[in-house]
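Me: I'd like to learn how to read a structure like this one. Can we take a few features in turn?

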Amino acid sequence: MARLNKQLLLRLAGVVAAVCFMSAHATEPLKIGVLAPITGATAADGARLLKAHQLAAKEINAAGGIAGLHGAKVELLIADTQSKPEVGRHAAERLIARDEVSALLGAWASAVTMPSMQVAERYRTPFIVTSAVTDSITERNLQFVFRVSPKGSWAARDVGGFINYLRSKGAAIDKVALAYEDGPFGQAVSKGYKKALPAQGIRIVGEETFRTGSPDMSTQAARLKATGADLVLIVCYVDDEVVLLRALAAQRYKPMVLGYGGGHVHPTLLQLGPMVEGAFGIVEWMPDLKKAATEQFAKAYKAAYGEMPLSNAAQAYAATWAVALAADAARTRDPIKLRDSLRALRLDNGPASLLPNDALDFDAAGQNNVGNVISQVIGGRFVTVWPEAVAGQPLRLTR
């Protein structure tokens, strides 16, 4: 009898230990590392990214957490890249090796993203690139790198289509000039323009480059004016675009302007008033897109932060949901299994489907097949004007 009681006690102890282990495991969060420029040259962009990541995590957790992980909550571990590549690289390594995150998200600028994603590849940890557009990010046969935003070169395809659309509406566009920052971001997009636009019968008559953070662009503006271009395609971050547009105005040169990316639909630009009225922007997302997920996200973001989100916020939000849904589908925190789950993911409804494609769906290279839309400043606000199928209102030709 004593022996039986001893065996029973041992079995009960084992059951209690297993229950305790399962309970502890159930409360363990899904740790997601976020690389963002909280300080440095692109800190304003980093602040918006964080808001979107945090909104997604809050929504997931408020809905009961991740069902496939017994209700585990999402925990964001945030690291400041200081807008510097080397700092971003060290931060990525710290988040993976010390903090043991299951995935990384980030890191805004291409120059910071590229060394950080190499760290993730080496540590076999999924990295979802939210906004960086350099083509080669998903062209290196990396096994743990994904991207929700489009490639930079894809902008040329869409810009060419939009220029021809403008021509069909009566706009006289014979000569085009380029102005871009000289880092990986500007080089990738401008390279796409230089390759694709001439093939579509669009003549490029000049190009000017500048370093991010340049305080004066009067020389570049004078040279752009000398080209006589009808349209100037700008590729840079928002602070640089403000400097360039002011320099163009000082030259009394007002061509059509088409900026690139979320920086061109930043509220800061609207402070320029008449200088920016009528300007176009090619952007990965707009809050007035005719999609249910877009409408819901824009409403929630504005309620939480008192402002409308930009494209980089939408991408950060989608990426955070994608990791959580992949973890739920595979019932895992393991980085390698999570990578496999991301590869199989297809989200054609729900919060992660807010981007302007049929579904968030990564191809074999980790690239989401998503296009761009065109915005315009009309009456002091940004609205989607092309493609017509998702346009908030018709475009206005100002010249």
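Reply: Sure. Start with salt bridges: one is counted when a side-chain nitrogen of Lys or Arg lies within 4 Å of a carboxyl oxygen of Asp or Glu. Keep in mind that this is a predicted model. Here Asp-361 and Arg-346 make such a pair, with their closest N and O atoms 3.3 Å apart. The two sit in distant parts of the chain, Asp-361 in strand S12 (residues 360–361) and Arg-346 in strand S11 (residues 346–347), 15 residues apart.

Me: How many salt bridges turn up in the whole structure?

Reply: Twelve. Another one joins the side chains of Lys-151 and Glu-139, at 2.9 Å from N to O. That pair also links distant parts of the chain: Lys-151 is in the loop between strand S5 (145–147) and helix H5 (154–168), while Glu-139 is in the loop between strand S4 (127–129) and S5.

Me: Is Lys-151 buried or exposed?

Reply: The cut-off for buried is under 20% relative accessible area. Lys-151 has 14%, so it counts as buried. Glu-139, at 47%, is partly exposed. You get a similar mix in the salt bridge between Asp-340 and Arg-339, 2.7 Å from N to O: Asp-340 is partly exposed at 38%, and Arg-339 is buried at 9%.

Me: Now the sheet. In what order do the five strands come?

Reply: Read across the sheet rather than along the chain, and you get S2-S1-S3-S4-S5, an open sheet with parallel pairing. Strand S2 (74–80) and S5 are the edges; each has a single partner strand, so one side of each has no neighbour in the sheet. On average, neighbouring strands are turned by 25° against each other, direction ignored.

Me: What joins S4 to S5?

Reply: Three bridges, and the two strands run parallel. To find the spot on screen, look for Phe-127, which stands opposite Val-145 in S5. Then look for helix H4 (residues 110–122): this helix lies across strand S1 (30–36), strand S3 (103–106), S4 and S5, at about 160° to S4.

Me: And how do I describe two helices packed together?

Reply: Two packed helices are described by the angle between their axes and the distance between the axes. Try helix H11 (residues 311–330) and helix H12 (residues 335–344), whose axes come within 9 Å and cross at roughly 105°.

Me: How are H11 and H12 oriented to each other?

Reply: Angles of 65 to 115 degrees count as roughly perpendicular, so that is what H11 and H12 are. Their contact includes Ala-322, Val-323 and Ala-326 of H11, and Leu-338 and Leu-342 of H12. Sorted by type, the contact residues are eight nonpolar, one polar and one charged.

Me: What should I look for in the backbone?

Reply: Exceptions to a simple rule: most residues other than glycine have a negative phi, and most peptide bonds are trans. The bond from Gly-106 to Ala-107 is cis, with omega near -5°, and Ala-107 is in the loop between S3 and H4. The bond from Trp-386 to Pro-387 is cis too, with omega near 0°. You'll find Pro-387 in the segment after strand S14 (381–386).

Me: Which residue in the loop between helix H8 (238–250) and strand S9 (256–260) should I check for phi?

Reply: Arg-252. Its phi is positive, about 55°, although it is not a glycine, and Arg-252 is exposed at 79% relative accessible area. Glu-100 also has a positive phi, near 55°. Look for Glu-100 in the loop between helix H3 (85–97) and S3, where it counts as exposed at 57%.

Notes
Residues are numbered from 1 along each chain as its sequence is written. This is a predicted model: local features need pLDDT of at least 70, side-chain atom pairs count only at pLDDT 80 or more; totals for chains, interfaces and linings use all residues. Side-chain values use heavy atoms; hydrogens and water are left out. Helices (H or I, at least four residues) and strands (E, at least two) are DSSP runs, numbered from the N terminus. Buried means under 20% relative accessible area, exposed over 50%, partly exposed in between (1.4 Å probe, protein chains only). Two strands pair if DSSP finds at least two bridges between them. Axes are lines fitted to C-alpha atoms, for helices over the stretch in contact, and angles run from 0 to 180 degrees between N-to-C directions. Contact means heavy atoms within 4.5 Å. Angles under 35 degrees count as roughly parallel, over 145 as roughly antiparallel, 65 to 115 as roughly perpendicular and the rest as oblique. Ala, Val, Leu, Ile, Met, Phe, Trp, Tyr, Cys and Pro count as nonpolar, Asp, Glu, Lys and Arg as charged, and the others, Gly among them, as polar.
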